[in-house]
Amino acid sequence: MKREELMVAAIQNGTVIDHIPSSRLFEVVRLLHLEDIRQSSIMVGYNLKSRKMGHKSIIKISDKFFTDAELNLLSVVAPNVTLCIIKDFEVVEKKRVTLPQTIAGIVKCANPKCITNNEPMPTRFVVSQEDPIMLRCEYCEKEQSLEKVKLV
Amino acid sequence: MKENNSLVTIANLSREDIMHLLHQAEKFEREPNRTILSDKVVATLFFEPSTRTRLSFETAANRLGARVIGFTDPKVTSSTKGETLKDTIMMVSNYADVIVMRHYLEGAARYAAEISPVPVINAGDGANQHPTQTLLDLYSIYKTQGTLDNLHIYLVGDLKYGRTVHSLIMAMRHFNPTFHFIAPKELAMPEEYKIYCQNRNIPFVEEEEFNADIIANADILYMTRVQRERFTDLMEYERVKDVYILKASMLKDAKPTMKVLHPLPRVNEIAYDVDDDPHAYYFQQARNGLYARQAIICNTLGITV
């Protein structure tokens with residue numbers, strides 16, 4: 001951890017989510033339900049300079065570790081984030097997120113005539129194409145590009 | 001077929017599933033009146049009016065001896081009071097052994113099939129799927145040609161929005177067809193279905209012309225309606241509106257076994273002089289819907305005749 005990240009205080013134990021596109025920061029917060037965390041301190045750096053991305057955002061969550069399933073949800077909005085698991089101020093594990101084959105309950109279908117937009121029910125998508133990634137709604141069967149999807 | 005034997009889409013039926021249903025339909029055609037469902041109740045839930053499909057389903061159920069409950073117009077139901085689809089399905093499944101549902105929202109049939117304790121038959125969900133129409137189309141092709149294999153199938157008219165032609169392509173993938181897509185540019189077959197064919201080595205030819213020479217090699221001529229409201233450019237509509245009309249004079253070089261199909265209702269895309277031509281088959285095609293739906297209702301209930 002150096003350069004601008006130092007502006008966001010280091011944590012002793014917890015999870016760091018780095019290389020978040022700034023435009024997606026608040027969606028990452030929502031997906032991990034960070035607003036509901038009461039016990040841990042959370043540091044957010046928004047619009048930091050980044051050599052790789054121009055601008056990026058970073059979140060550091062103290063004393064909190066997520067399951068892979070929870071973290072993989074991030075792939076829907078920020079597929080290139082870097083995750084660091086911190087123990088005693090040291091990075092003990094680095095990982096990337098992978099897109100699950102089925103995405104349930106988090107993405108909104110773009111088709112206004114889809115049943116999922118007209119009935120209180122969870123959505124469900126499957127990955128129908130890689131590069132560019134396309135999702136197919138399991139209900140109305142319409143394909144939509146991952147870049148344009150909105151969260152429910 | 002999954003989700004408690006429901007029929008939601010034709011896309012996941014295997015060749016064997018389709019042939020089984022067609023052979024069942026053949027038996028119902030030979031003997032349509034069988035009281036094998038006299039202890040069953042069939043619910044027909046039409047959240048969107050569709051007289052033709054509803055009458056066909058209700059006749060199928062009645063000829064099998066089943067009792068029919070349901071509604072033909074959602075205005076009389078609690079959905080106008082804000083009841084969810086789930087609640088309606090859960091309520092009706094207390095009474096019926098199978099639910100036939102037409103809905104104006106896409107994906108409604110899959111959702112109903114997932115939550116319903118009794119099987120659901122999709123009688124059309126918005127612009128998405130209408131598998132019983134596809135099955136009656138397949139039955140009509142099978143019956144008139146004696147096979148589904150290696151046929152030249154010509155799809156004419158609105159290939160962009162025509163749900164029936166899209167489902168037909170997917171269902172025919174097991175049978176080595178050759179397709180001809182005949183449509184104006186604005187209503188041409190969408191890329192995704194051309195890619196679907198390419199990925200499965202299904203040959204197809206695209207044409208804009210529609211005349212006697214073009215269709216001389218056809219086994220099946222599947223007509224659809226070119227609707228004015230589908231055009232963004234009305235000049236274009238005026239230019240093509242009379243191009244995709246089938247007249248009896250165009251059938252002079254057609255194969256003797258060739259049949260003209262149409263999902264109905266027809267407006268003007270088939271001239272009335274075709275009705276008396278031996279190639280015309282669209283009214284018999286509609287009757288085949290009865291046998292196809294008898295086969296489907298029995299199949300969802302696990303009954304083989």
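This is a short chat about a model with chains A and B, its interfaces and a few backbone details.

Reader: Before I dig in, what kind of model is this, and how are things numbered?
Author: This is a predicted model, where local features need pLDDT of at least 70, side-chain atom pairs count only at pLDDT 80 or more, and totals for chains, interfaces and linings use all residues. Residues are numbered from 1 along each chain as its sequence is written, chains are lettered from A and ligands numbered from 1 in the order in which they are written, and side-chain values use heavy atoms, with hydrogens and water left out.

Reader: Ok, what are the ipTM and pTM?
Author: The model scores ipTM 0.88 and pTM 0.89.

Reader: And what's the mean pLDDT of chain B?
Author: Chain B averages 94, with 99% of its residues at 70 or more. pLDDT is the predictor's confidence in each residue, from 0 to 100.

Reader: Now the A/B contact. How many residues does each chain put in?
Author: Chain A gives 14 residues and chain B gives 14 residues; contact means heavy atoms within 4.5 Å.

Reader: How much area is buried there?
Author: About 1200 Å² between chain A and chain B, with 48% of that from carbon and sulfur atoms. Buried area is the accessible area (1.4 Å probe) that two parts lose on being put together, summed over both.

Reader: How many salt bridges cross between the chains?
Author: The rule finds two between chain A and chain B, a salt bridge being a side-chain nitrogen of Lys or Arg within 4 Å of a carboxyl oxygen of Asp or Glu. One of them pairs A:Lys142 with B:Glu106, whose closest N and O atoms are 3.5 Å apart.

Reader: What about polar contacts, and what sort of residues does chain A bring?
Author: Nine residue pairs are in polar contact across the chain A and chain B interface, both residues at pLDDT 80 or more. The side of chain A that touches chain B has six nonpolar, two polar and six charged residues. A polar contact is a pair of N or O atoms within 3.5 Å; within protein, one must be able to donate a hydrogen and the other to accept it, and residues adjacent in sequence count only if both atoms are side-chain atoms. For the classes, Ala, Val, Leu, Ile, Met, Phe, Trp, Tyr, Cys and Pro count as nonpolar, Asp, Glu, Lys and Arg as charged, and the others, Gly among them, as polar.

Reader: Switching topic: which domains does chain A have?
Author: Domain 1 (14–96) and domain 2 (102–151), with bounds from an automatic or database domain assignment. Their centres, over C-alpha atoms, are 24 Å apart.

Reader: How much do those two bury, and which domain 1 residues lose the most area?
Author: About 640 Å² is buried between domain 1 and domain 2 of chain A, 72% of it from carbon and sulfur atoms. In domain 1, A:Arg24, A:Leu31 and A:Val76 lose the most area to domain 2, together 61% of what that side buries.

Reader: And how many salt bridges there?
Author: Zero between domain 1 and domain 2 of chain A.

Reader: Last thing, backbone oddities. Where are the cis peptide bonds?
Author: One joins A:Asp131 and A:Pro132, with omega about -5°, and another runs from B:Leu264 to B:Pro265, with omega near 5°. A:Pro132 lies in the loop between strand S8 (124–129) and strand S9 (134–137) of chain A. Helices (H or I, at least four residues) and strands (E, at least two) are DSSP runs, numbered from the N terminus.
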